[in-house]
Amino acid sequence: MPAYHSKGDDTPGAFQEACSCAVCPLRTSIRGPAPPSNEEEDIIDETLNYFRANVFFRNFDVRGSADRTLIYLTLYTHQCLVKCEKIEDRATALRELHNLAIKQFACPGDASWPLGTLFPAPADRTESELFKSYFKQARDELGIRLVDRLFDADGSKNKWWQAFSKRKFMGKELKD
């Protein structure tokens, strides 16, 4: 059974790219370089909808730039779940995930970049800044939407989501 791929790869060249990652439109009120999305489902919804299925795969065939964005956001989702393992309430989880989202993180080409050559190094400083600002915006929005899935309406944690903090996507993980 193949992994789920991004629907954004159906139209190659439709999105601006940074480090071969698509700068996909987002449904968000958070300011950043992502264009606003008119679609019902954006790349963050795809990430969260496909996360529990894709996390079981050790290999992922990259079909385009939107798949690289999906890979990074899937790895970040895992990082968020690990961060929320010991958190028991929604407000604390939102605060911690916001802090994680705005924290300085590695970019392709940096020595601490955990994904090797899967993402090429940026051609110049402008591309590096676009990558960082887009993923800062996407990480923040993903954290908000993940908390909505991770905590039930009564405030209790959804064990069916939290259980996936133990699984590594492609045998890799992002570090704090």
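**A short helix and two unusual loop residues**

Let me start with helix 1, residues 43–54, which has 12 residues, although its end C-alpha atoms are only 14 Å apart, short of the 16 Å that a straight helix would reach at 1.5 Å a residue. Please keep in mind, as you look at the structure above, that this is a predicted model.

How many of the residues of helix 1 are buried? The count is 9 of its 12, so that helix 1 is mostly covered. If you would like to find them in the structure, the buried ones are Ile43, Ile44, Asp45, Glu46, Thr47, Leu48, Tyr50, Phe51 and Asn54. These buried residues pack against helix 2 (65–83), helix 4 (125–150) and helix 5 (159–162).

Now I would like to turn to the backbone. Most residues other than glycine have a negative phi. With that in mind, please look at the loop between strand 1 (17–18) and strand 2 (21–22), which is where Cys19 is found. Cys19 is not a glycine, and yet it has a positive phi of about 55 degrees. Ser20 has its place in the loop between strand 1 and strand 2 as well, and the phi of Ser20, which is likewise a residue other than glycine, is positive, near 60 degrees.

Why does Cys19 count as buried? The reason is that its relative accessibility is 1%, and buried means under 20%. Ser20, by contrast, has a relative accessibility of 23% and therefore counts as partly exposed.

Methods. Residues are numbered from 1 along each chain as its sequence is written. This is a predicted model: local features need pLDDT of at least 70, side-chain atom pairs count only at pLDDT 80 or more; totals for chains, interfaces and linings use all residues. Side-chain values use heavy atoms; hydrogens and water are left out. Helices (H or I, at least four residues) and strands (E, at least two) are DSSP runs, numbered from the N terminus. Buried means under 20% relative accessible area, exposed over 50%, partly exposed in between (1.4 Å probe, protein chains only). The expected span of a helix is 1.5 Å times one less than its number of residues. Contact means heavy atoms within 4.5 Å.
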